[in-house]
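Biologist: Could you take me on a close look at one part of this model, going slowly from a single residue to its surroundings?

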Amino acid sequence: MNISDWLDEKEAEGADVSQIVLPRNMAFDQDPDETIFFKIINPCGIFCTENHPFSTVERFGHWYYARGQDKKAGIHSSAMKWRFFTKNKNLALQTAKAHIE
């Protein structure tokens, strides 16, 4: 089952899918259909392997998955990770941009 169908199924069951956690195998087995937005704050340079704040919006079928690590967490932090599923592309983009600006 793909991510989009799984989210539709959970939504039909009455679950709030906006903050749902994907099953581990599903999260790693599927690539997004499209990456709409990606921004990372990495003042260290490309060779730094530590955590850096980022935001991304990926499309899985008719669902948008916005996720990242909030800018307020700071450089090299592993705190303040967030995720958000929606069918509204503009809402996903606004959410992602708000977390990184």
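**A strand residue and its surroundings**

Modeller: Let's start at Val57, which is found in strand S2 (a DSSP run of E of at least two residues, while a helix is a run of H or I of at least four, all numbered from the N terminus). This is a predicted model, in which local features need pLDDT of at least 70 and side-chain atom pairs count only at pLDDT 80 or more, while totals for chains, interfaces and linings use all residues. Residues are numbered from 1 along each chain as its sequence is written, and side-chain values use heavy atoms, with hydrogens and water left out.

Is Val57 buried or exposed? Val57 counts as buried because its relative accessibility is 0% (buried is under 20% relative accessible area, exposed over 50%, partly exposed in between, with a 1.4 Å probe and protein chains only). Leaving out residues up to four places away in sequence, Val57 touches Glu34, Thr35, Ile36, Phe37, Tyr64, Tyr65, Ala66, Ala92, Leu93 and Ala96 (contact means heavy atoms within 4.5 Å). Ala73 is 16 residues from Val57 along the chain, and their C-alpha atoms are separated by 19 Å.

Now for the aromatic rings. The structure holds 3 aromatic pairs (rings of Phe, Tyr and Trp, its six-membered ring, with centres within 6.5 Å; planes under 30 degrees apart are stacked, over 60 edge-to-face and the rest tilted). Phe38 and Phe54 form a tilted pair, because their ring centres are 6.4 Å apart and their planes stand at 35°. Phe38 lies in strand S1 (residues 34-40) and Phe54 in strand S2, so this pair ties together parts that are 16 residues apart in sequence. Phe60 and Tyr65 are tilted too, because their centres are 6.5 Å apart and their planes at 50°. Both Phe60 and Tyr65 are buried, and ring pairs link these two with Phe85 into a cluster.

Tyr65 also leads us to the pockets. The largest pocket holds about 290 Å³ of space (on a 1 Å grid over the protein atoms alone, a pocket is an open set of points where a 1.4 Å probe fits, with protein on both sides within 12 Å along at least five of seven lines; lining residues have an atom within 4 Å of a point). Of its 14 lining residues, Leu22, Ala27, Phe28, Tyr65 and Arg67 are the closest to its centre. Helix H2 (24-29), strand S2 (54-60) and S3 each supply at least two lining residues, and H2 gives the largest share, 3 residues. The lining divides into 9 nonpolar, 1 polar and 4 charged residues.

The second largest pocket has about 200 Å³ of space, and among the residues lining it are Tyr65, Phe54, Asn51 and Gln69. S3 gives the most to this lining, with 4 residues. Here the lining is made of 4 nonpolar, 4 polar and 3 charged residues.

Finally, Asn51 and Gln69 bring us to Ser77, which is in contact with both when neighbours within four places in sequence are left aside. Ser77 sits in the loop between strand S3 (63-69) and strand S4 (81-86). Ser77 counts as buried because its relative accessibility is 17%. A polar atom of the Ser77 side chain lies 3.0 Å from the backbone nitrogen of Ala79.

Key
A polar contact is a pair of N or O atoms within 3.5 Å; within protein, one must be able to donate a hydrogen and the other to accept it, and residues adjacent in sequence count only if both atoms are side-chain atoms. Grid points are joined across faces, edges and corners, and a volume is the space filled by probe spheres set on the points. Ala, Val, Leu, Ile, Met, Phe, Trp, Tyr, Cys and Pro count as nonpolar, Asp, Glu, Lys and Arg as charged, and the others, Gly among them, as polar.
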